[in-house]
Amino acid sequence: MSARRILWACALLVVLLLAACAGPTPVVQEVKVPVYRPCVTAALERPTFATRTLAPDASDGEKVLALARDLPLHLKYETQLEAVIAGCL
């Protein structure tokens, strides 16, 4: 290839590149993006379970009775925690 053809090819390339930039000006758009916000405003108060107040040498019967007393309290607390978690999703 001659030097003249290379010069013309480069000039054509520059013209094509400049023509690609000559498009319409970009339009500014407002985009609303959700912003993270903590869903839990206050921590739930943990109930006092009877099993935590048992003496280390408590009998098996006392342990079973404490667990039986704790079951409704535990289920209520668990339901409240699940409700808080569901509100976060």
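Here is a short tour of this predicted model, stop by stop.

**The whole chain**

Start zoomed out, with everything shown as a cartoon. You should find two helices and zero strands. Now turn on the principal axes if your viewer has them: the C-alpha atoms fill a box of roughly 105 × 35 × 15 Å along those axes. The radius of gyration tells a similar story, at 36 Å, where a compact globule of 89 residues would come in near 12 Å.

Switch to a surface next. The protein exposes about 8500 Å², and carbon and sulfur atoms supply 66% of that area. Buried residues make up just 8% of the 89 residues. If you colour by charge, look at how the two signs are spread: the mean position of the 9 positive charges and that of the 8 negative ones are 24 Å apart.

**Helix α1: Ile-6**

Select residues 3-20, which form helix α1, and pick out Ile-6 within that stretch. Is Ile-6 buried or exposed? Neither label fits, because its relative accessibility is 43%, and that counts as partly exposed. While you are here, draw a distance from the C-alpha of Ile-6 to the C-alpha of Leu-44: the two are 38 residues apart along the chain and separated by 77 Å.

**The loop: Phe-49**

Move on to the loop between α1 and α2 and select Phe-49. Phe-49 counts as buried because its relative accessibility is 10%, under the 20% cut-off. What covers this ring? Show neighbours, leaving out residues up to four places away in sequence, and you get Asp-70, Leu-73, His-74 and Tyr-77 touching Phe-49. For a backbone view of the pairing with His-74, check the C-alpha distance: 7.9 Å, across 25 residues of sequence.

**Helix α2: Asp-70**

Now select residues 60-88, helix α2, and stop at Asp-70. Which side chain of opposite charge is nearest to this aspartate? That would be Arg-69, 6.0 Å away. Asp-70 is buried and yet has no salt bridge. Beyond its neighbours within four places in sequence, Asp-70 is in contact with Phe-49, Ala-50 and Thr-51, so keep those three on display as you go, since contact here means heavy atoms within 4.5 Å.

**Helix α2: Leu-73**

Stay in helix α2 and step along to Leu-73. Leu-73 is partly exposed, because its relative accessible area is 33%. Which residues does Leu-73 touch, not counting those up to four places away in sequence? Light up Pro-47, Thr-48 and Phe-49. As a last check, run a C-alpha distance from Leu-73 to Glu-62: they are 11 residues apart in sequence and 17 Å apart in space.

To finish, show Phe-49 together with Asp-70 and Leu-73, two of the residues that Phe-49 touches.

How values were computed
Residues are numbered from 1 along each chain as its sequence is written. This is a predicted model: local features need pLDDT of at least 70, side-chain atom pairs count only at pLDDT 80 or more; totals for chains, interfaces and linings use all residues. Side-chain values use heavy atoms; hydrogens and water are left out. Helices (H or I, at least four residues) and strands (E, at least two) are DSSP runs, numbered from the N terminus. Buried means under 20% relative accessible area, exposed over 50%, partly exposed in between (1.4 Å probe, protein chains only). Lys and Arg count as positive and Asp and Glu as negative; His and the chain ends are not counted. A salt bridge is a side-chain nitrogen of Lys or Arg within 4 Å of a carboxyl oxygen of Asp or Glu. The radius of gyration is taken over C-alpha atoms; the globule rule is 2.2 Å times the number of residues to the power 0.38. Accessible areas come from the Shrake-Rupley method with a 1.4 Å probe; for residues, only the protein chains shown count as cover. The place of a charge is taken as NZ of Lys, CZ of Arg, CG of Asp or CD of Glu.
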